[in-house]
Amino acid sequence: METEYLKRCFGNCLAQALAEVAKIQPSDPIEYLAHWLYHYRKTAKAKEKERQEKIQLQQEYDNSLKETKMAEMLKQEEYEIQQKYERCHQENPPPSSCD
């Protein structure tokens with residue numbers, strides 16, 4: 001039960017931190033470990049923020065593409081309607097045949 005809690009809260013970072021402490025062997029391992037974990041947390045938050053920003057930018061880009069395509073389709077439709085209107089009025093047919 002405690003192991004699951006530690007895995008959920010710390011994941012792999014605690015093992016990485018302890019490995020770093022063993023490798024460096026600082027004079028105050030507790031303080032070193034605390035600083036290492038704090039730095040890890042700060043870095044992880046920054047990476048998550050960057051990831052969220054990239055997702056948001058991609059969504060905004062996708063929406064922009066959709067809007068551009070929709071505007072192009074509407075423009076094309078408007079052009080086709082205008083062409084049909086002009087053809088109908090150039091030929092001067094009875095109003096019922098221009099529908």
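Okay, let's start with a question: is Cys-9 buried, partly exposed or exposed? Its relative accessibility is 43%, so Cys-9 counts as partly exposed (buried is under 20% relative accessible area, exposed is over 50%, and partly exposed lies in between, with a 1.4 Å probe and protein chains only).

Quick caveats. This is a predicted model, where local features need pLDDT of at least 70 and side-chain atom pairs count only at pLDDT 80 or more, while totals for chains, interfaces and linings use all residues. Residues are numbered from 1 along each chain as its sequence is written, and side-chain values use heavy atoms, with hydrogens and water left out.

Back to the cysteines. Cys-13 is buried, at a relative accessible area of 7%. Do the two pair up? Well, the disulfide count is zero, taking a disulfide as two cysteine sulfur atoms within 2.5 Å. The sulfur of Cys-13 has its closest cysteine sulfur in Cys-9, 9.8 Å off, so that is too far for a bond.

Cys-13 also brings us to the helices (DSSP runs of H or I, at least four residues, numbered from the N terminus). Cys-13 in helix 2 is among the residues that meet helix 3, including Trp-36 and Tyr-40; contact here means heavy atoms within 4.5 Å.

And the geometry? The axes of helix 2 (residues 13-24) and helix 3 (residues 29-91) come within 10 Å and cross at roughly 135 degrees, with axes fitted to C-alpha atoms over the stretch in contact and angles running from 0 to 180 degrees between N-to-C directions. That makes helix 2 oblique to helix 3 (under 35 degrees is roughly parallel, over 145 roughly antiparallel, 65 to 115 roughly perpendicular, and the rest oblique).

Key. Helices (H or I, at least four residues) and strands (E, at least two) are DSSP runs, numbered from the N terminus.
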